Amino acid sequence: MYPNIQRDTGISLREVLANSRIIGPQDIRVTSCCSDSRRCREGDLFIAQLGTKHDGHDFVAEAVKRGASAVLAERYLPTEIPTCLVPDSREAYGQVCQALAGDPSQKTHVIGVTGTSGKTVTGLLITGILEEAGHRVGVISSLGYCDSIETAQVTDRSPTQPELGTWLARMYANQCSHVVLEASSIALAQRRLAGIELDAACITNIRRDHLDFHGSVLNYRRAKTRLFEHVRPDGFAIVNADDPASRFFLSKLKHPTLTIGLQGDAELSATIIERHKSEQTFLINAGDEVIPVRTHMIGDQHVSHCLAAAAVGLVYGIDLPTIVRGLEKVSFVPGNLERIECGQPYGVFVDQARSPDNLAIALKALRKVKDGRLICVFGADGDRNQDTRPVMGRLVERYADLGILTTDGAGIEPPLSVIHDVLDGYDRPSRAHILPDRSKAICWALSEAQPGDTVLVAGQGKLKLKIDNGHSQRFSDRDIIQAWLRQISSSNPMTGISASQ
């Protein structure tokens, strides 16, 4: 969206990049930069960085031809224009982008949130608390970017270095006092947050994900904990004491840390009081203070997210009643155990659970509130994480009363091949009901549901779906569910389903 970023007054690379070596002049002063040689403009600093598919160092000649005035690279290149050599061009790219944007993170309170699951929910809860306390808040998350005035939809990837610089600058210009920044493991591994200073780093949990990108669990965990490197000296950290991997890094943190948890010793804890399909009530215990919270989002995981957000609010000096009002404002998050209510006599939930960990969290949460059967529609990613597919099958066989195995839709791998891998996790494969067409699988599950049952549709949410001919289209589980429920209601008024929604 923002291939170039620029600043009229320009910046000095010698000042911004202390560990650089400049070949040619004593210094290089630039007003704009770009990492895509095809989009280079006159006067740009071209960033030669190693990508997932291409090496930017191979396209310097094209960038020069299009008007690049200087090159930032990791190795010496045969070019006549000035060159700035750095150890890591991705790290330097982020620093340059933030400098061109005016280093907005140094002028605002930026809270970074990461974790295998719960980043988006926790970020929205923190935003709700800060707004309830009267602060103007900017948001950068997987749901979209908001500078407190305008909102933009996101692509299917994390924001790039120029996008982060541009949006943080917009937030500062719009007088946002706080920014909530969701950081994925891939963004952290690719140094996209370079140049950004954080007030706080919040890690919801560290489990197992994106191993197709990171290569190993250790690399994945290292990427997640890199968030702490961005915390300023007087900043703080929030860590989930219930999560073993997160707890392991506690002793390594140099910043003041506040722990949260439901199961063991933690400085901020919670006690579950009551839980139903449509809401739950719990107590937050903060030192000598105890206060009740009622949320429409359910599950232990959501309580943990509320605790993390509450911890951030407490460190900023926000009182508990205000914190509770902020938590209760967030009634749902698209694709996160999102309840679909059209008056049907059974529960229907949509969750973007695409990994074994997330699927287990959703299934366990719903088992605690179900009256009848738990019916689960699920699939697995194509072209990635093949080793996790049998685990997902094992989980559904164990926790669901009826499992409908369908396609997840991602990738070009033959759907039946993916389904076969999932079935390998079943002790009794005959228990799985297989319907490769996702729409038909969802509708069949709804038709099988009886009063008191709970239906979980897992894996897609609002994500992009690739179809057989290689093209892609938006596929929303929510839309399929609502259309079916409304059609049944209109065709058979005796079902008791209201079409008012």
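Begin by selecting Tyr145 and Trp167, both of which are buried. The model on display is a predicted one. Show the two side chains as sticks and look at the rings. Their centres lie 5.6 Å apart and their planes meet at 65°, so Tyr145 and Trp167 form an edge-to-face pair. This is one of two aromatic pairs in the structure.

Next, colour the elements that carry these residues. Tyr145 belongs to strand S9 (residues 144–146) and Trp167 to helix H5 (residues 161–173), so the contact ties together parts that are 22 residues apart in sequence. Keep Trp167 in view and add Arg170: the charged end of Arg170 sits over the Trp167 ring, 4.0 Å from the ring centre.

Now move to Phe236 and Tyr316. These residues make an edge-to-face aromatic pair, with 5.8 Å from centre to centre and 80° between the planes. Phe236 is in strand S13 (residues 231–240), whereas Tyr316 is in the loop between helix H10 (300–315) and helix H11 (320–329); the pair therefore ties together parts that are 80 residues apart in sequence. Turn on the surface to compare the two partners. Phe236 has 9% relative accessibility and counts as buried, while Tyr316, with a relative accessible area of 22%, is partly exposed.

Finally, select helix H10. Its 16 residues reach 23 Å from the first C-alpha to the last, close to the 22 Å expected at 1.5 Å a residue. Of the 16 residues of H10, 13 are buried, so the helix is largely enclosed by the rest of the structure. End the tour at Gly317, which follows H10 and has a positive phi, near 85°.

Technical notes. Residues numbered from 1 in each chain as written. Predicted model: local features only at pLDDT ≥ 70, side-chain atom pairs only at ≥ 80, totals over all residues. Heavy atoms only, no water. Phe/Tyr/Trp six-rings, centres within 6.5 Å; stacked < 30°, edge-to-face > 60°. Helix = DSSP H or I, 4+ residues; strand = E, 2+ residues; numbered from the N terminus. Buried < 20%, exposed > 50% of the residue type's maximum accessible area, 1.4 Å probe, protein only. Lys NZ or Arg CZ within 6 Å of the ring centre and 35° of its normal. Expected span 1.5 Å × (residues − 1).
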